[in-house]
Every structure is written in structure tokens, then in C-alpha cells.
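Student: I would like to learn how to read the side-chain features of a model, one at a time. Could you take me through them, giving the general idea and then the case at hand?

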Amino acid sequence: MPVPKRRQSKSRRDLRRTQDALAVPTWTTCGQCGEACRPHHICEKCGFYKGKKIVESKKV
């Protein structure tokens, strides 16, 4: 089994570990209904995307 010849510095180790953090998902407001929705996704409440009706909204 291979063994590293030299010890990696703390800087290199930490640079590698920066990718391990979990990112908080971003939210935007829908242009039609003002409800919070994910960017580049269809609004779940009104069914609009970029000002066009894509799907019928659920009637609650």
C-alpha cells in the first residue's frame, strides 16, 4: 500500500477540506405570486416560470 513520502501542510489539507462544507440552498421570490421559490425552478404555488404558465397549480 502506498505511503506518502512527505507530510502535507495544513494549508493544503485545509484547501482540500473547503469543498466539504454544506451549502445553504438559495431562495428567490416568484415574480407572479411573490411566494419563495428556488431560482431556475417552476413555482410550486402558481406554476409559472419566467412569466409563462407551465403547469396547473394545485387547488387547495
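Student: Is Arg13 buried, partly exposed or exposed?

Tutor: Please keep in mind throughout that this is a predicted model. Arg13 has a relative accessible area of 28%, and because the partly exposed class runs between 20% and 50%, Arg13 counts as partly exposed.

Student: With which residue does Arg13 form a salt bridge?

Tutor: The general idea is that side chains of opposite charge can pair when their charged atoms come close. Here Arg13 pairs with Asp14, with 3.0 Å between the closest N and O atoms, and Asp14 is itself partly exposed at a relative accessible area of 36%.

Student: How many salt bridges does the structure hold?

Tutor: There are two. Besides the pair just described, Glu35 and Lys45 meet through their side chains at 3.7 Å, N to O. Glu35 belongs to the loop between β1 (28–29) and β2 (36–37), whereas Lys45 belongs to the loop between β2 and β3 (48–49), so this salt bridge ties together parts that are ten residues apart in sequence. Glu35 is partly exposed, with a relative accessible area of 36%, and Lys45 is likewise partly exposed, with 49%.

Student: Which residues make the nonpolar surface patch?

Tutor: Ile42, Ile54 and Val55 make a patch of about 220 Å². Of these, Ile42 lies in the loop between β2 and β3 and is partly exposed, with a relative accessibility of 34%.

Student: Turning to rings, how many aromatic pairs are there, and what sits over the ring of Trp27?

Tutor: The count of aromatic pairs is zero. Over the ring of Trp27, however, one finds the charged end of Arg38, placed 5.9 Å from the centre of that ring.

Student: What about the backbone: what is the phi of His40, and where does His40 lie?

Tutor: As a general guide, most residues other than glycine have a negative phi. His40 has a phi near 65°, which is positive although the residue is not glycine; His40 is found in the loop between β2 and β3, and with 70% relative accessibility His40 is exposed.

Student: And what is the phi of Lys50?

Tutor: The phi of Lys50 is near 55°, again a positive value in a residue other than glycine. Lys50 is placed in the loop between β3 and β4 (52–53), and Lys50 is exposed, its relative accessible area being 71%.

How values were computed
Residues numbered from 1 in each chain as written. Predicted model: local features only at pLDDT ≥ 70, side-chain atom pairs only at ≥ 80, totals over all residues. Heavy atoms only, no water. Salt bridge = Lys/Arg side-chain N within 4 Å of Asp/Glu carboxyl O. Buried < 20%, exposed > 50% of the residue type's maximum accessible area, 1.4 Å probe, protein only. Helix = DSSP H or I, 4+ residues; strand = E, 2+ residues; numbered from the N terminus. Patch = residues over 30% accessible without salt bridge, like charges linked within 9 Å, V, L, I, M, F, W, Y side chains within 5 Å. Areas by Shrake-Rupley, 256 points an atom, 1.4 Å probe, with all protein chains shown as cover. Phe/Tyr/Trp six-rings, centres within 6.5 Å; stacked < 30°, edge-to-face > 60°. Lys NZ or Arg CZ within 6 Å of the ring centre and 35° of its normal.
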